[in-house]
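Please open the structure in your viewer and follow the selections below in order. Each stop names what to select and then describes what is found there.

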Amino acid sequence: MDRTEIRQALRDFIQRSMRVPALGDDDDLFESGIVNSLFAVQLMTFVEKKFAVEVAMEDLEIANFRSIDATAGFVLRKNGLHAAAAD
Amino acid sequence: MQQLLTELHQARHEEFKAFAAANVAPAAAEWDRDQRLPREVLAALGERGYLGATIAPEYGGRGWDTVTFGLLSEALGRGSAAFTGVLTVQSMVAMALHKWGSAAQKNQWLPRLASGAALGAIALTEPTGGSDLQAMTTVFRHADGSLRINGIKRWISCAQFADVFLVFGKLDAQPAACLVPREQISIEPIHDLMGFRAAGLAELVFRDAEVPAANLVGKPGFALSHMAPVALQYGRLSTAWSAMGLLRGCFEESVAYAAGRKIDGLGMIRALIARMGTDLKAGALLCHAACRAQDERLPEAFETALMAKYFASRAAVRAASDAVQIRGASGCHGSSPVSRYYRDAKIMEIIEGTTQVHEDILGRLFVG
C-alpha cells in the first residue's frame, strides 16, 4: 500500500466507526474529539491488523496518531518504507 | 453454540468443567461463608496452567485463544464466581504487561504469573470514585531514580493474596501505571460484601511507597487510553463468561428443582426457566462473538466485549433472581446455592465497569 491507499483505508475506518461525515488528511483527531478512550484502542487495533504492524510502547506518541496523514506516516515508517514516508 | 466450537474447544471445555465440578463447586459455599480462598486451590489453578491461559508459551503460558479462555471462565464461573475472579484479574495484569510491558518486566513477571508463582491484582478504583478514572488522585513522583507513590485504592479484587499490583495513578498530572510489590503497600482486607465474598478484596494505602522508576509500565499519558482498555478487555470477557457460568447454574438448578416438583404453579416456573434458557443461548453467542473478534484482532472486539459483559451480567442477575423466586423460601436460605448466585450476580453488574458505564459507552457509540 502506498501513502494514498493507507490514508483512504484510515479515513474509511474512522468515518465508518465514528460517523464523521468529512475528514481531512491533516484534521486533528484528538482536538476534534473524534478519538475518545474506546476509539483510541480501536484505531490502534485497526492499524495493527490492517497494515500488519505492531504498535509498541515506544510508538505511543500523540504525534504518531494525531491525524490521518500522521498515522499513515507512522505505518510507512514501521514497515520500513522510509522513502515512501517522505513523499 | 456447540456448533461454533472446534473439537479442541469442546474437549477443553469438558476438561475445565470436570476441574470445576471436582475442585470448585463442592467448596464454593464454604469459601463464601469463610470469605477466603485456600492457597491450595489457587495453586491448583497454577499447576493446571489455567492462570497462564492467555500468556504466550515463550513466557511459560498456554497461549490459548480467547475462546478457550472464555470457556475456562465459564466453567469456573459455574462453580464460583468469586473464585473465577482470580483468573480474571491475573489475565488483566498479564495481558496489560504482554502488550505494554518492557522486555525486563515481561521476563520478570509473565513466567511467574503463568505458573501461579505470583498472583497479580489491578489497582484502579479509589474511594472517591470508581467509574470516573480521570479523577483518580493517586500520585507518582520521581525521586532519585525511584518512584514514590501516595494514595488510596479501594475495592481491589484479589488484593488479600496478590504478590504484585498494577497500580494506576498520575505522574506529572498524566495518567500512568506501575508495578508495585506487595511489601510496599499497607493492605487492609474488606469483609462482609454481599457477593464475591471469597474474592479477597482489600483497601490499599500507599504512603511514600518506593519502587524503581523502571517499574513504570508503558508511557505516562497513555495509561487510561491504551493500557487500562487492554486490561479491561480481558476483565470484561472473563466476567461475561463467568456470568454465563453462573446463569447455567441457575438454569440447571431450576430445571432440576422443577423436575422434582408436582405443583400447580409449574407453568409459571416454566416461563421463568424459558427466559433463562434463552438468555443462556443468546449470551453464549454474544460472548463467543466477542472472543472471536478478539482472536481475529478486529477493532470491534472492544465494543463486542462491552456488549457481552453488559448482556451477560444483567442476564445473570435476572436468572439468579428468578432461580431464588422458583425455590421460594428455601432459595433465600444460605443452604441453597441460588442465594449465593443471586448475591454474586449483582457484583458482576458492577465490576469491570458498571452497567451504566457500559450503557454510556455503547450509547455514545451508537448515537454519538
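**A buried glutamate in chain B**

Begin by selecting Glu126(B) in this predicted model. Glu126(B) counts as buried because 22 other C-beta atoms lie within 10 Å, where 20 or more suffice for that class. Its place is in the loop that runs between β1 (120-123) and β2 (139-143) of chain B.

Next, display the surroundings of Glu126(B). Leaving aside residues up to four places away in sequence, Glu126(B) touches Met136(B), Thr137(B) and Thr138(B), together with Ile152(B), Lys153(B) and Arg154(B). Then select Ile156(B), which is 30 residues from Glu126(B) along the chain; the two C-alpha atoms are separated by 9.0 Å.

**The strand before the loop**

Now select β1(B). Which residues cover its two faces? Gly120(B) and Ile122(B) are on one side, Ala121(B) and Ala123(B) are on the other, and all are buried. In a regular strand, side chains alternate between the two faces of the sheet.

Add β4 (residues 164-171) of chain B to the selection: 4 bridges join this strand to β1(B), and the two run parallel. Within this pairing, Ala123(B) stands opposite Val167(B) of β4(B).

**The contact between the chains**

Finally, show chain A beside chain B. The contact draws 13 residues from chain A and 17 residues from chain B. On the side of chain A that touches chain B, the residues divide into 7 nonpolar, 3 polar and 3 charged.

As to confidence, the model scores ipTM 0.83 and pTM 0.94. Chain B has a mean pLDDT of 95, with 98% of its residues reaching 70 or more.

Notes
Residues are numbered from 1 along each chain as its sequence is written. Chains are lettered from A and ligands numbered from 1 in the order in which they are written. This is a predicted model: local features need pLDDT of at least 70, side-chain atom pairs count only at pLDDT 80 or more; totals for chains, interfaces and linings use all residues. A residue is buried if 20 or more other C-beta atoms lie within 10 Å of its own, exposed if 12 or fewer, and partly exposed in between; C-beta atoms are placed from the backbone. Two residues are in contact if their C-beta atoms, placed from the backbone, lie within 7 Å. pLDDT is the predictor's confidence in each residue, from 0 to 100. Ala, Val, Leu, Ile, Met, Phe, Trp, Tyr, Cys and Pro count as nonpolar, Asp, Glu, Lys and Arg as charged, and the others, Gly among them, as polar. Two strands pair if DSSP finds at least two bridges between them.
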